[in-house]
Amino acid sequence: MEESPLTEALDANDPPYHTKLRSLASKAFTPKAIEDMKPWIEEITNELLDQVTDQGEMDIVRDLATPVPIQVIAKMLGVPYKDREKFKYWSTVFVKQPSEVEGGIEGYLLVQQEMSQYFIEMIATRQENPTNDLISHLVQAEIDGGKLSTKELLAFCITLLIAGNETTTNLISNSLFTFMENPKVQEHLYQHPKDIAKAIEEVLRYRSPILYTTRIATKDIQLRGQLIKKGDLVNTWIGSANRDESVFENPDQFDIHRTNLRHTTFGHGVHFCIGAPLARLEANIVLRILFERFKEFQLKFDGPLTMNQTALMFSIKELPVIFQKR
Ligand code: HEM
């Protein structure tokens, strides 16, 4: 994996290099930049819902939770939305372990090459003709007086495309699924739409879209009788921390009135999710508009949910629902 552009990615690096990369990326995630996306996210959501209104049913994952984040990130980066099928496919591959991908490591590397080729062309186009999108800003940006290398630019594009897609899709689907499982909550949210933000925050804890992140131990440490050695690769289980009974009362209960919402879903420390405000905004807008336009959401079929095969995420594959117009 040494040649992978992702060795230059934000989440794969330590300070001081990470700090410089992060300060560049932060410019696209200022509160104003996020706030400016609001009307546009509302427009996308309404357009998608217009297409299913008269059907009285939809697959939340396919019809809403997947296209919204892809359109948002495509617009931010400045890549054409017509390539959305590719983005979707790449995102699903990249959130898997290479061993979980069709064709194993080779299959994974092929997808990585295909994606790199796509972005190398995008980067070259913006180097010649910069516009007002994130790729154009990054090609013109400088770290320590020098421009970013193609590998660094690729790492940015790939990380942003991947990090923001499946995660936000999961948050939207997991939220509606959890509200349907709890009809009283659904009813409460119709009466008190202001509580949607609080309810999404509880979904982030209860059904975290991401279940673990990875670290390398910097020193030997004893933890609950286990020795973790310096250099060991460690998976820190967010899903478990979010149900820690020493932190949360009745952790296995979904409770939107919880006052302690100190979940670790967006990570912790210098790598804390840079896209957290954007993910929250997208989920809030989508759920609010869903509830404004429709009511009485129910699963279309009884029976177990189809899940995506990945240990990294709580990720629903299909969520067919029926609903009434309001
Ligand atoms: C519900 C949705 C999301 C969840 C649950 C989530 C979760 C996370 C987590 C846990 C981390 C920390 C990883 C670590 O410490 O190793 C992280 C980092 C990151 N996230 Fe998100 N994320 C979400 C949405 C987004 C969005 C919408 C974007 C961008 C469009 C994004 C971009 C990133 C980036 C670039 C990093 C790396 C930050 C760094 O290393 O400094 N994420 N995310």
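**Ligand shell, iron donor and helix packing**

Biologist: How far from an oxygen atom of the ligand does a polar side-chain atom of Arg-22 lie?

Modeller: This is a predicted model, in which local features need pLDDT of at least 70 and side-chain atom pairs count only at pLDDT 80 or more, whereas totals for chains, interfaces and linings use all residues. Residues are numbered from 1 along each chain as its sequence is written, and side-chain values use heavy atoms, with hydrogens and water left out. Between a polar side-chain atom of Arg-22 and an oxygen atom of the ligand, the distance is 2.7 Å.

Biologist: Which elements give two or more residues to the shell around the ligand?

Modeller: Arg-215 also places a polar side-chain atom 2.7 Å from an oxygen atom of the ligand, and an N or O atom in the side chain of His-271 is 2.6 Å from a ligand oxygen. The elements with two or more residues in that shell (helices being DSSP runs of H or I with at least four residues, strands runs of E with at least two, numbered from the N terminus) are α1 (17-26), α9 (150-181), β4 (212-216) and α13 (276-293).

Biologist: Which element gives the largest share of the shell around the ligand?

Modeller: The ligand is surrounded by 27 residues (a heavy atom within 4 Å), and the closest are His-18, Arg-22, Arg-215, His-271 and Cys-273. The largest share of this shell amounts to 6 residues, and the element that supplies them is α9.

Biologist: Which residue is the only protein donor of the iron atom of the ligand?

Modeller: The residue in question is placed in the loop between α12 (238-241) and α13. Its SG atom stands at 2.3 Å from the iron atom (donors are N, O and S atoms within 2.8 Å of the metal, or 3.2 Å for Na, K and Ca; water is not among the atoms, so sites may look incomplete), and the only protein donor is Cys-273.

Biologist: How are α7 and α9 oriented to each other, roughly parallel or roughly perpendicular?

Modeller: Helix α7, which covers residues 104-128, packs against α9 with the axes 10 Å apart and an angle of about 115 degrees (angles run from 0 to 180 degrees between N-to-C directions). Under 35 degrees counts as roughly parallel, over 145 as roughly antiparallel, 65 to 115 as roughly perpendicular and the rest as oblique. The two helices α7 and α9 are therefore roughly perpendicular.

Biologist: What is the orientation of α9 and α13 to each other?

Modeller: The axes of α9 and α13 are 10 Å apart, and these helices pack at an angle of about 40 degrees. In another pair, helix α5 (residues 67-77) and α13 have axes that come within 11 Å and cross at roughly 135 degrees, and α5 and α13 are therefore oblique to each other. For α9 and α13, the orientation is therefore also oblique.

Biologist: What is the omega of the cis peptide bond that joins Pro-15 and Pro-16?

Modeller: Pro-16 has its place in the segment before α1. The peptide bond that joins Pro-15 to Pro-16 is cis, and its omega is about 5 degrees.

Biologist: Which value is phi of Arg-224 near?

Modeller: Arg-224 is found in the loop between β5 (221-223) and β6 (226-228). Its phi is positive although the residue is other than glycine, and the value is near 45 degrees.

How values were computed:
Polar contact = N/O pair within 3.5 Å; in protein donor to acceptor, adjacent residues only side chain to side chain.
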